[in-house]
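Colleague: I've got this one open on my screen and would like to go through it with you. Can we start with the charged pairs and then work along the chain?

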Amino acid sequence: MTMDLQTERCGVDGAAAAARRVIDALVRAGDISGADMAGIADRLNAVADDLEAQAPPLRDRLVNMWRGDGNTRHDPAAGPENPIAPPLAYTGRPDGSIESDVTLGLPYQGPPSSVHGGVSALLLDHTLGVANGWAGTSGMTAELTLRYHHPTPLFEPLTVTARQVSVDGRKIRTTGAIAAAGRTCVTAEGLFIAKPLPRPR
Ligand SMILES: CCCCCCCCCC(=O)SCCNC(=O)CCNC(=O)[C@H](O)C(C)(C)COP(=O)(O)OP(=O)(O)OC[C@H]1O[C@@H](n2cnc3c(N)ncnc32)[C@H](O)[C@@H]1OP(=O)(O)O
């Protein structure tokens with residue numbers, strides 16, 4: 001079953017997707033392209049000026065970001081509204097786990113042609129959190145233990161998975177992994193404590 005975070009190719013989702021393209025293209029071009037970077041900076045600053053002039057009060061946007069009780073759309077891992085997010089789109093599997101297929105490009109690079117370890121940690125922390133929501137008991141990350149088994153490749157399809165393993169009082173234990181072509185690159189074990197911060201209303 002597909003989870004309720006599908007990207008809309010309109011509104012802020014469409015603009016965020018365009019910003020993602022810009023980020024990727026900038027990192028790709030660097031200073032060895034023929035692009036007029038000063039002119040590009042002027043055009044991008046003009047876009048930012050327009051957005052900043054029309055932004056709602058911060059509190060209104062925070063309430064809007066946290067509307068409802070389900071998954072968020074603004075977070076930096078799966079949020080289609082957030083250009084920093086790849087973004088991940090999740091599917092629930094019959095065994096109770098969730099998974100997402102994603103291919104990461106140059107903005108997420110750590111070692112050569114490989115995903116930055118901190119990016120893997122971000123994607124796994126969030127995916128474990130979503131797995132908790134999927135299972136029905138959520139919490140705050142108290143501990144996240146990662147093991148990096150093999151470099152995680154850029155430019156190739158990755159599968160990010162997670163499942164809740166146990167709930168013992170307020171302690172929630174959840175595991176996850178990132179795999180490429182069937183090979184496990186990163187595994188994660190998380191301890192979450194059921195004490196979510198209240199959503200702005
Ligand atoms: C559906 C939406 C999906 C969204 C997914 C989003 C996923 C994103 C997840 C995150 O990134 S959350 C942000 C990163 N995490 C934090 O900022 C958490 C910061 N820490 C805290 O807020 C508190 O320390 C915490 C809520 C984790 C615990 O505070 P409490 O005051 O509730 O804990 P308390 O001291 O009462 O301890 C409760 C139990 O948990 C244990 N515990 C608490 N913190 C621990 C810790 N860090 N490591 C191990 N055990 C810990 C503690 O020992 C105790 O065990 P016992 O009951 O057996 O005595």
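Modeller: Sure, and keep in mind that this is a predicted model. Let's begin with a salt bridge between Arg73 and Asp13, whose closest N and O atoms are 2.8 Å apart. That pair links distant parts of the chain: Asp13 belongs to helix H1, while Arg73 is in the loop between helix H3 (58-65) and strand S1 (91-92), 60 residues apart.

Colleague: Is Arg73 buried or exposed?

Modeller: The cut-off for buried is under 20% relative accessible area. Arg73 has 19% relative accessibility, so the label is buried.

Colleague: And what about Asp13, buried or exposed?

Modeller: The same kind of check works here, with under 20% counting as buried. Asp13 has a relative accessibility of 2%, so Asp13 is buried.

Colleague: Which residue forms a salt bridge with Glu81 at 2.7 Å?

Modeller: Look for a partner in helix H3, since a salt bridge with closest N and O atoms 2.7 Å apart joins Glu81 to Arg61. The two are in distant parts of the chain, 20 residues apart, with Glu81 in the loop between H3 and S1 and Arg61 in helix H3. Glu81 is buried at 11% relative accessible area, whereas its partner is partly exposed at 24%. The residue you want is Arg61.

Colleague: How far apart are the closest N and O atoms of Arg67 and Glu81?

Modeller: These two form a salt bridge as well. Both sit in the loop between H3 and S1, 14 residues apart. Arg67 is partly exposed, at 41% relative accessibility. A salt bridge needs the nitrogen and oxygen within 4 Å, and for Arg67 and Glu81 the closest N and O atoms are apart by 3.6 Å.

Colleague: Which residues are linked in a network of salt bridges, and how many salt bridges are there in the whole structure?

Modeller: Side chains of opposite charge can pair when their charged atoms come close. Here the network links Asp13, Arg61, Arg67, Arg73 and Glu81. As for the whole structure, the search gives a total of seven.

Colleague: Moving to the surface, which helix gives the most to the nonpolar patch?

Modeller: The patch is formed by Val22, Ile23, Leu26, Val27 and Leu44, with about 340 Å² of accessible area together. Val27, for one, is placed in helix H1 and is partly exposed at 41% relative accessible area. With four residues in the patch, the top contributor is helix H1.

Colleague: How does the 27 Å reach of helix H4 compare with what is expected, and which strands do its buried residues pack against?

Modeller: Helix H4 covers residues 117-135, which is 19 residues, and its reach of 27 Å from first C-alpha to last is close to the 27 Å expected at 1.5 Å a residue. Its buried residues include Val119, Leu123, Leu124, Leu128 and Val130. Those buried residues of H4 pack against strands S2 (98-102), S3 (140-148), S4 (158-168), S5 (171-180) and S6 (183-193).

Colleague: What does UniProt list for residues 115-176?

Modeller: Over that stretch the chain is 31% helix and 42% strand, with the end C-alpha atoms 17 Å apart. The name comes from an unreviewed UniProt entry, which gives "domain: Thioesterase".

Colleague: Now the backbone oddities. Which two residues does a cis peptide bond join?

Modeller: Most residues other than glycine have a negative phi, and most peptide bonds are trans. The cis bond here has an omega of about -10°, and Pro87 is found in the loop between H3 and S1. The two residues joined are Pro86 and Pro87.

Colleague: Which residue follows H4, and what is its phi?

Modeller: The phi is positive there, and the residue is a glycine. Right after H4 comes Gly136, with a phi near 105°.

Colleague: Is Ser113 buried, partly exposed or exposed, and how about Ala181?

Modeller: Neither is a glycine, yet Ser113 has a positive phi of about 55° and Ala181 has one of about 50°. Ser113 lies in the loop between S2 and H4, and Ala181 in the loop between S5 and S6. Exposed takes over 50% relative accessible area. Ser113 has 42%, so it counts as partly exposed, while Ala181, at 81%, counts as exposed.

Methods:
Residues are numbered from 1 along each chain as its sequence is written. This is a predicted model: local features need pLDDT of at least 70, side-chain atom pairs count only at pLDDT 80 or more; totals for chains, interfaces and linings use all residues. Side-chain values use heavy atoms; hydrogens and water are left out. Patches are made of residues with over 30% relative accessible area and no salt bridge: like charges are joined within 9 Å, nonpolar side chains (Val, Leu, Ile, Met, Phe, Trp, Tyr) within 5 Å. Accessible areas come from the Shrake-Rupley method with a 1.4 Å probe; for residues, only the protein chains shown count as cover. A salt bridge is a side-chain nitrogen of Lys or Arg within 4 Å of a carboxyl oxygen of Asp or Glu. Buried means under 20% relative accessible area, exposed over 50%, partly exposed in between (1.4 Å probe, protein chains only). UniProt positions are given in the numbering used here, feature names are shortened, and annotations may be inferred rather than shown by experiment. The expected span of a helix is 1.5 Å times one less than its number of residues. Contact means heavy atoms within 4.5 Å.
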